[in-house]
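Biologist: I should like to go through this structure with you, beginning with the surfaces beside the DNA. Please show the model.

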Amino acid sequence: MPRSASHPARDQPADEPATKPTEAHVREIRTQLDRWYRAHRRDLPWRPPPGQDDAPVDPYHVLVSEFMLQQTQVSTVISYFHRFIHSFPDIRSLAKADEQEVLRHWQGLGYYRRARMLHACAREIVKQHESVIPSDVDTLLALPGIGRYTAGAIASLGFGRRAPIVDGNVARILSRIQCLDVDPQSPAGLRAIWAVASEIVPEKSPGVFNSAMMELGATLCTPKSPRCADCPVSHQCRAREMNRVDSIPRPRAKRVVPVVERIIYCIHDARSDHWCLEQRPPTGRWAGMWQFPSRELIASHTQNHTHKTIQFSQANDPLDAKHARNSRVFKLIGGFDHALTHRLYRFMVVRALRGRASQAILDPDRPTKWLSLDDSRSLPLPRPHLRVREMLLAR
DNA sequence: AAGCCGGGGAC
DNA sequence: GTCCCAGGCTT
């Protein structure tokens with residue numbers, strides 16, 4: 001790319017933003033960030049012990065933690081990580097585990113495809129790589145569930161390889177440091193950010209540097225109200241210099257959230273004190289997990305959902321909600337909302353006695369099991385159905 | 001390029 | 001209530 005002849009002083013083409021920090025800035029950012037991180041970092045179970053930041057870590061721990069940390073905050077992951085490593089201490093034990101058992105350890109964490117991907121990834125490593133986790137980015141990228149962020153994280157944090165990473169934190173920090181007014185979600189924005197990340201990651205202790213970037217984003221350089229006064233690289237931050245920290249990166253566009261009304265049938269066999277659970281299909285939301293039979297109450301629609309009380313629309317399900325409220329077979333026992341990122345579920349919970357009417361609810365294409373509430377703990381259930389089970393146990 | 005996929009922490 | 005998080009896969 002030729003430099004602009006009309007701006008000979010600039011070190012960037014005139015038609016592009018300044019995407020490369022100067023060498024002096026890069027040196028200072030690395031130095032300050034390293035010093036700050038070693039002094040202030042949190043102690044996390046997949047990291048080396050405090051004060052031993054350059055000590056080797058188990059790449060398997062990095063692998064598991066990075067899968068769990070995709071789109072998930074550190075504080076949420078910690079307890080799941082401990083239980084997971086306790087049950088599956090190494091790549092072989094994970095590879096030979098039953099998928100339902102892996103899902104059960106993921107229960108409540110969300111984005112359940114990650115669990116199945118991690119399981120498939122472990123099996124692939126055992127099969128293709130003699131149970132040794134690959135250390136180079138390209139080999140890692142070929143494994144299921146590993147994209148360029150996770151590949152770079154495993155290579156740098158787990159093996160000390162020089163590899164850039166860009167997650168939500170790094171994207172925000174680099175946007176601010178370079179004052180990049182781009183959409184960090186867009187391909188163009190991501191290209192620019194990855195380019196900066198590639199320049200800035202050092203040869204020496206790249207894992208410490210990458211961890212430091214994410215730590216900074218999680219604790220100081222937050223989306224709102226960043227604590228610039230405490231930031232080790234505030235003097236290298238162009239957004240700070242331009243007084244644009246609050247507008248970079250640009251907030252993403254908000255979306256309308258559809259409301260989905262569903263009815264959950266807790267079908268009880270009084271003789272055995274067993275309850276009916278059905279398995280969800282192998283794809284889509286909560287894939288492969290088990291639930292109390294649930295059916296849509298009304299077609300999804302968007303609406304203002306600010307009311308506190310559960311108000312259900314006119315039912316069009318086969319049994320009719322009015323019937324469900326009043327009959328001897330069906331009894332309304334509660335309702336609650338469950339918010340996902342792109343949907344709001346409004347659940348009505350009904351207890352049903354096992355019989356012909358309740359049998360009509362079941363989808364013949366879905367596997368079912370009749371279990372005591374206690375025994376149902378052996379199955380992976382989505383969060384709303386964990387809640388339903390607690391409702392039944394409390395009765 | 002856009003949609004899909006959970007749940008919760010922090011405010 | 002809001003925003004968004006140690007993203008990747010599918011279409």
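Biologist: By class, how many nonpolar, polar and charged residues has the surface near DNA strand C?

Modeller: Please note that this is a predicted model. Around DNA strand C there are 31 residues, and Leu 69, Gly 147, Thr 150, Asp 167 and Gly 168 come nearest. Two or more residues each are given to this surface by α2 (59-69), α8 (148-159), α9 (168-177) and α11 (206-219). By class, the surface has 12 nonpolar, 13 polar and 6 charged residues.

Biologist: Which elements each supply at least two residues of the surface near DNA strand B?

Modeller: DNA strand B is surrounded by 20 residues, the closest being Gly 110, Tyr 112, Pro 187, Arg 285 and Arg 383. These surface residues divide into 7 nonpolar, 10 polar and 3 charged. The elements that each supply at least two of them are α3 (74-87) and α15 (383-394).

Biologist: Which helix gives the most to the side of domain 1 that touches domain 2?

Modeller: Chain A is divided into domain 1, residues 23-241, and domain 2, residues 259-394. Contact between them involves 7 residues of domain 1 and 8 residues of domain 2. On the side of domain 1 that touches domain 2, the most residues, 3, come from helix α5 (residues 99-106).

Biologist: What distance separates the centres of domain 1 and domain 2?

Modeller: On the side of domain 1 that touches domain 2, the residues divide into 2 nonpolar, 3 polar and 2 charged. Taken over C-alpha atoms, the centres of the two domains are separated by 37 Å.

Conventions. Residues numbered from 1 in each chain as written. Chains lettered and ligands numbered in written order. Predicted model: local features only at pLDDT ≥ 70, side-chain atom pairs only at ≥ 80, totals over all residues. Near = placed C-beta within 6 Å. Helix = DSSP H or I, 4+ residues; strand = E, 2+ residues; numbered from the N terminus. Nonpolar A, V, L, I, M, F, W, Y, C, P; charged D, E, K, R; others polar. Domains from an automatic or database assignment. Contact = placed C-beta atoms within 7 Å.
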